[in-house]
Amino acid sequence: MVSYVSAFLYGVGGILVAGMALLVAFQEKLVYVPVLPGLTKSYSITPARLRLLYEDVWLRSSDGVRLHAWFIKLLPECRGPTVLFFQENAGNIAHRLEMVRIMIQRLQCNVFMLSYRGYGASDGYPSQHGIAKDAQAALDHLSQRTDIDTSRIVVFGRSLGGAVGALLTKNNPDKVAALILENTFTSILDMAGVLLPFLKWFIGGTGSKGPKILNFLVRSPWSTIDIVGQINQPILFLSGLQDEMVPPSHMQMLYAKVASHNRECIFVEFPNGMHMDTWLAGGDHYWRTIQQFIGNHVPEIKEHESSHDDKDTDGR
């Protein structure tokens, strides 16, 4: 009997050691994948290939890392909404250009596409603290521009980008008008158990029932579930029910976390949407959903309304 107990304990110990070794050595490579297999770090195309009006933007994060972005405009003098787009964890912003091209056409908006540090033409190496600084640098840049309506900045994040966008939105209630989350996870802690099932008993987020004794090893927890409950701006949740990467239940939990106190939240499911192609599988319904959300919660201020408000202010 003793030998069986010893064998069991040794087995558990071996799993813990293996799990710790994997987390310490490879977690950044699992969470951040700037270069897709068989491709290079550089951009395969630019917005010019799709005949989009754009400018290259170079930024400095607060810790001095040089960042690259594309600011793509619908028209030279477009005063419509501006979408600050945060991509998934793999590849670079060039791989999202076709989707962004359609977004600009359907939503009549500008789009700012940031390359996280270590991605595309940006310097540095990705980490949670670093990417959070990158997102803030992008928002600060947009907020200082004079060629857009800075009251109509909408943050849009997909997967990892949703975690980035949620944190940025929470920290900037005066700069972000609304948030759109698509196929986003509750936390990397919860995703560890999805990607490496044998770890789910030792790593987990706030809703996990396991001992969570390896949580301290996770350097990029991206706990979106703990962030969304602190957001007061309108939020649109877009969930692809065929998501093969992030279980759709994660999106449901995020919505449940915020819906109890934020009445300006909308949850929309797309039955055929997978992790990367919900925008494609959702078709017209997908774009109409976003269009209606922006129209209702980030409305255009008509020129005569603005003038009327100015007169009221002057009259006080």
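# Helices packed around a mixed sheet

Let's start with two helices: helix 2 (residues 97–107) packs with helix 9 (residues 283–297) at an angle of about 55°, and their axes are 10 Å apart. Keep in mind that this is a predicted model. Below you'll also meet an open sheet of 8 strands, a second pair of packed helices and a loop residue, Asn 215.

**Helix 2 with helix 9**

- In general, two packed helices are described by the angle between their axes and the distance between the axes.
- Angles from 35 up to 65 degrees count as oblique, and helix 2 and helix 9 are therefore oblique to each other.
- The two helices, 2 and 9, cross in a right-handed way.
- On the helix 2 side, the contact is made by Met 99, Ile 102, Met 103, Arg 106 and Leu 107.
- Helix 9 brings Asp 284, Trp 287, Arg 288, Ile 290, Gln 291 and Ile 294 to that contact.
- Sort the residues of this helix 2 and helix 9 contact by type and you get 7 nonpolar, 1 polar and 3 charged.

**Helix 3 with helix 4**

- Helix 3 (residues 128–143) and helix 4 (residues 160–171) pack at about 60°, and the distance between their axes is 10 Å.
- That angle makes helix 3 and helix 4 oblique to each other, and the crossing is right-handed.
- Who touches whom? From helix 3 come Ile 131, Ala 132, Ala 135, Gln 136 and Leu 139, which meet Val 164, Leu 167 and Leu 168 of helix 4.
- The residues in the contact of helix 3 with helix 4 split into 7 nonpolar, 1 polar and no charged.

**The sheet**

- Strands of a sheet pair through backbone hydrogen bonds, either parallel or antiparallel.
- Here, the 8 strands of an open sheet line up in the order 1-2-4-3-5-6-7-8, and the pairing is mixed.
- Strand 1 and strand 8 (265–270) sit at the edges with a single partner strand each, so one side of each has no neighbour in the sheet.
- On average, neighbouring strands of this sheet are turned by 20° against each other, ignoring direction.
- Strand 1 (residues 53–60) pairs with strand 2 (residues 66–73) in the antiparallel sense, over 8 bridges.
- One bridge to look for joins Glu 55 to Phe 71 in strand 2.
- Strands 1 and 2 make a hairpin with 5 residues between them, and Gly 64 in the turn has a positive phi of about 90°.
- Strand 2 also runs antiparallel to strand 4 (residues 110–114), joined by 4 bridges, and Ala 69 has Leu 114 in strand 4 as its bridge partner.

**Helices on the sheet**

- Helix 3 lies across strand 1, strand 2, strand 3 (82–86), strand 4 and strand 5 (153–158), and runs at about 150° to strand 4.
- Helix 4 packs on the sheet too, touching strand 3, strand 5 and strand 6 (178–182), and its direction makes about 145° with that of strand 5.

**Aromatic pairs**

- Search the whole structure and you'll find 10 aromatic pairs.
- One of them is Phe 237 with Tyr 255, an edge-to-face pair at 5.5 Å centre to centre, with 80° between the planes.
- This pair links distant parts of the chain, since Phe 237 is in strand 7 (residues 235–240) and Tyr 255 is in helix 7 (residues 248–259), 18 residues apart.

**A loop residue**

- Where is Asn 215? Its place is in the loop between helix 5 (188–195) and helix 6 (224–227).
- Asn 215 and Leu 189 are 26 residues apart along the chain, and 7.1 Å separates their C-alpha atoms.
- Leaving aside neighbours within four places in sequence, Asn 215 is in contact with Leu 189, Phe 202, Ile 203 and Gly 204.

Technical notes: Residues are numbered from 1 along each chain as its sequence is written. This is a predicted model: local features need pLDDT of at least 70, side-chain atom pairs count only at pLDDT 80 or more; totals for chains, interfaces and linings use all residues. Side-chain values use heavy atoms; hydrogens and water are left out. Axes are lines fitted to C-alpha atoms, for helices over the stretch in contact, and angles run from 0 to 180 degrees between N-to-C directions. Angles under 35 degrees count as roughly parallel, over 145 as roughly antiparallel, 65 to 115 as roughly perpendicular and the rest as oblique. A crossing is left-handed if the near helix is turned anticlockwise from the far one by less than a right angle, and right-handed if clockwise. Contact means heavy atoms within 4.5 Å. Ala, Val, Leu, Ile, Met, Phe, Trp, Tyr, Cys and Pro count as nonpolar, Asp, Glu, Lys and Arg as charged, and the others, Gly among them, as polar. Two strands pair if DSSP finds at least two bridges between them. Rings of Phe, Tyr and Trp (its six-membered ring) pair if their centres lie within 6.5 Å; planes under 30 degrees apart count as stacked, over 60 as edge-to-face and the rest as tilted.
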